[in-house]
Amino acid sequence: MQLTKQCENITNYLVQARENRMELVNLLNEEEQAIESEIRKYEENLREKADRFRKTRNYYNEEQIKNEFEMINQNVIKLEIEEGQQRQNVKELQKEVMSLMPDIPEDILEIV
């Protein structure tokens, strides 16, 4: 009788041990999935940063940026000079148009 009781206790312990083992295996699988998910997120984040760097790496080249900035400034100066010349041309053309206008008033009734 004592032997059967011991066997039953051992059987119960084995069942409990199997249940604990299954629970631990499930927890381990969940943990592995969570870790894999975090790794995938991290890899995706690294990919995005690498892509962003590839697209904007010119911004990190200070000498190249300075050269481009200087070229833009020179173009702005040229455009400002050209704008001044065009304004002067417009003024001259306006003077010519004013000199070509006849002395006849727009309202003919003013003559009478």
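**Close-up views of a two-helix model**

**View 1. Lys41 and its partner Glu38 in helix α1****.** Lys41 is exposed, with a relative accessible area of 53%. This value comes from a predicted model. The side chain of Lys41 forms a salt bridge with that of Glu38, at 3.9 Å from N to O. The pair counts as a salt bridge because the cut-off for such a contact is 4 Å. Glu38 and Lys41 are three residues apart in helix α1, which is about one turn of the helix. Glu38 has a relative accessible area of 48% and is partly exposed. The two residues fall into separate classes because exposed begins over 50%, with Lys41 at 53% and Glu38 at 48%.

**View 2. Arg40 and Glu36 in helix α1****.** A salt bridge joins the side chains of Arg40 and Glu36, with 3.4 Å from N to O. Both residues belong to helix α1, which runs over residues 2–56. They are four residues apart, so about one helical turn separates them. Glu36 is partly exposed, and its relative accessible area is 43%.

**View 3. Arg87 and Glu83 in helix α2****.** Helix α2 covers residues 62–100 and holds both Arg87 and Glu83. The two lie four residues apart, about one turn of the helix. Their side chains meet in a salt bridge of 3.0 Å, N to O. Arg87 is exposed, at 53% relative accessibility. Glu83, with a relative accessible area of 41%, is partly exposed. Arg87 counts as exposed because its 53% is over the 50% limit.

**View 4. Thr4 and the backbone of Met1****.** Thr4 is placed in helix α1. A polar atom of the Thr4 side chain lies 2.6 Å from the backbone oxygen of Met1. The relative accessible area of Thr4 is 47%, so this residue is partly exposed.

**View 5. The whole chain, for orientation****.** The protein has two helices and zero strands. Four salt bridges are present in the structure, including Arg40 with Glu36, Glu38 with Lys41 and Arg87 with Glu83. The protein has 112 residues, and buried residues make up 0% of them. A residue is called buried because its relative accessible area is under 20%. The protein exposes about 11400 Å², of which carbon and sulfur atoms supply 56%.

Methods. Residues are numbered from 1 along each chain as its sequence is written. This is a predicted model: local features need pLDDT of at least 70, side-chain atom pairs count only at pLDDT 80 or more; totals for chains, interfaces and linings use all residues. Side-chain values use heavy atoms; hydrogens and water are left out. Buried means under 20% relative accessible area, exposed over 50%, partly exposed in between (1.4 Å probe, protein chains only). Accessible areas come from the Shrake-Rupley method with a 1.4 Å probe; for residues, only the protein chains shown count as cover. A polar contact is a pair of N or O atoms within 3.5 Å; within protein, one must be able to donate a hydrogen and the other to accept it, and residues adjacent in sequence count only if both atoms are side-chain atoms.
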